[in-house]
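Let's take a friendly walk through a protein chain and see how its parts meet. Have the sequence and the 3D view ready, and follow along as the residues come up.

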Amino acid sequence: MQFKSMIIDNVEVSPGYWRMRMTAPPELMEAHPGQFVMVRVSQSIDPLIRRPFGIFDIGLYQPAYTGAALQSYFEILYKVLGKGTGMLSELHETDLIDILGPLGKGFDKGSAGEEKLIVGGGVGLAPLYLLAKELVKDSPVRLFAGGKTKDDVLCITEFERLGVECYTATEDGSLGECGLVTDVLECRLDSTANKGRIFACGPHGMLKAVAAIGKKRNLPTQVSLEGYMACGMGACLGCVRQGSEHTPETPDYRCVCTEGPVFEANDLKWEGN
Ligand SMILES: Cc1cc2nc3c(=O)[nH]c(=O)nc-3n(C[C@H](O)[C@H](O)[C@H](O)COP(=O)(O)OP(=O)(O)OC[C@H]3O[C@@H](n4cnc5c(N)ncnc54)[C@H](O)[C@@H]3O)c2cc1C
């Protein structure tokens, strides 16, 4: 679905990280956690290619004018990296923005009651908030959030408000444990006899480590990939990743935008990717 959204709010929540709230058509309320949108960041032809962002949250809000009915909104959480995200951060309330979505395959939530372990690195937390909001309805949820410094660990208060137990780790020790978030996850798994279903999003190194932890401990593990992507609809094949069966003789490629961005970690090839 393609639609125009009006920006309700666009605020810097931590240095270099922004959270944008936009109006949404009612159909977007049906989006699954882990799905994403392709955003046209400018009205001009530069940059031509839309940028992909996970859906951070969806909900209803009361517009400021009196007597207005509740309206649907959605949010993205983004890190300013280059031209496109820089332009996004300069947009203001009431600006219009062109969106395509929801796209891709989201997370499989698993069964009610089982422990859910969510692992996010930096802005990788973006698609995990909506997931946590769904999971807390019927399961205990723990979040493991990591970053280089405290500025990279985002929106923890929001997760805590959902009733999620949060563990944090930073590489410089400025928040939580000093070290990698995957070490904190391993500690937790050691103390709970390897219980839980794992969901992760973040940088490649972190996802590779999470995939290895899930495999070693025989835990169902899903990862959401955030590599480069151009069309978002399976046409350009610019986002393909090697599947677990890939060899030079028998190619096995997975299209991140249509078959993902969420994959069972065991379905992907991790070595040397
Ligand atoms: C399915 C999906 C969901 C995503 N969700 C989010 C999200 O919720 N929040 C968010 O902040 N980002 C998300 N991303 C990444 C985001 O799309 C890119 O950061 C964005 O497109 C960069 O655009 P830009 O024009 O600012 O950067 P560009 O000008 O295109 O690039 C600037 C610099 O950033 C590097 N870069 C660009 N894209 C990426 C990338 N994907 N990973 C690592 N380095 C990159 C480039 O190599 C370059 O050095 C997602 C990506 C995918 C595929």
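Between domain 1 and domain 2 there are two salt bridges. Keep in mind that this is a predicted model.

**Where the domains meet**

One of the salt bridges in this structure joins the side chains of Glu 158 and Arg 19, with N and O 2.7 Å apart. Domain 1 covers residues 2–103 and domain 2 covers 116–226, so by the domain bounds Arg 19 belongs to domain 1 and Glu 158 to domain 2. Both residues are also part of a salt-bridge network that includes Arg 21 and Glu 75. Besides this, six residue pairs are in polar contact across the interface of the two domains.

Which elements of domain 1 give two or more residues to the side touching domain 2? They are β2 (17–23), β5 (57–61) and β6 (71–79). Of these, β6 gives the most, with three residues. Sorted by class, this side of domain 1 has eight nonpolar, two polar and three charged residues.

The C-alpha centres of the domains lie 24 Å apart, and 13 residues of domain 1 are in contact with 13 residues of domain 2. The size of an interface is often given as the accessible area lost when the parts come together. Here the two domains bury about 1,400 Å² between them, 67% of it on carbon and sulfur atoms. On the domain 1 side, Tyr 17, Pro 33 and Phe 56 lose the most area, together 40% of what that side buries.

**Other salt bridges**

Side chains of opposite charge can pair when their charged atoms come close. The structure as a whole holds 19 salt bridges, including these:

| Pair | N to O distance |
|---|---|
| Arg 197 and Glu 114 | 2.7 Å |
| Arg 217 and Glu 186 | 3.0 Å |
| Glu 115 and Arg 142 | 3.1 Å |

What does the pair of Glu 115 and Arg 142 tie together? Glu 115 lies in the loop between β7 and β8 and Arg 142 in strand β9, so the pair ties together parts that are 27 residues apart in sequence. Is Glu 115 buried or exposed? Glu 115 is buried, because its relative accessible area is 10%, under the 20% cut-off. Arg 142 is buried too, at 13%.

Arg 197 counts as buried at 14% relative accessibility, whereas Glu 114 counts as partly exposed at 24%. Finally, Arg 217 counts as buried at 12% relative accessibility.

Conventions. Residues are numbered from 1 along each chain as its sequence is written. This is a predicted model: local features need pLDDT of at least 70, side-chain atom pairs count only at pLDDT 80 or more; totals for chains, interfaces and linings use all residues. Side-chain values use heavy atoms; hydrogens and water are left out. Contact means heavy atoms within 4.5 Å. Buried area is the accessible area (1.4 Å probe) that two parts lose on being put together, summed over both. A salt bridge is a side-chain nitrogen of Lys or Arg within 4 Å of a carboxyl oxygen of Asp or Glu. A polar contact is a pair of N or O atoms within 3.5 Å; within protein, one must be able to donate a hydrogen and the other to accept it, and residues adjacent in sequence count only if both atoms are side-chain atoms. Helices (H or I, at least four residues) and strands (E, at least two) are DSSP runs, numbered from the N terminus. Ala, Val, Leu, Ile, Met, Phe, Trp, Tyr, Cys and Pro count as nonpolar, Asp, Glu, Lys and Arg as charged, and the others, Gly among them, as polar. Buried means under 20% relative accessible area, exposed over 50%, partly exposed in between (1.4 Å probe, protein chains only).
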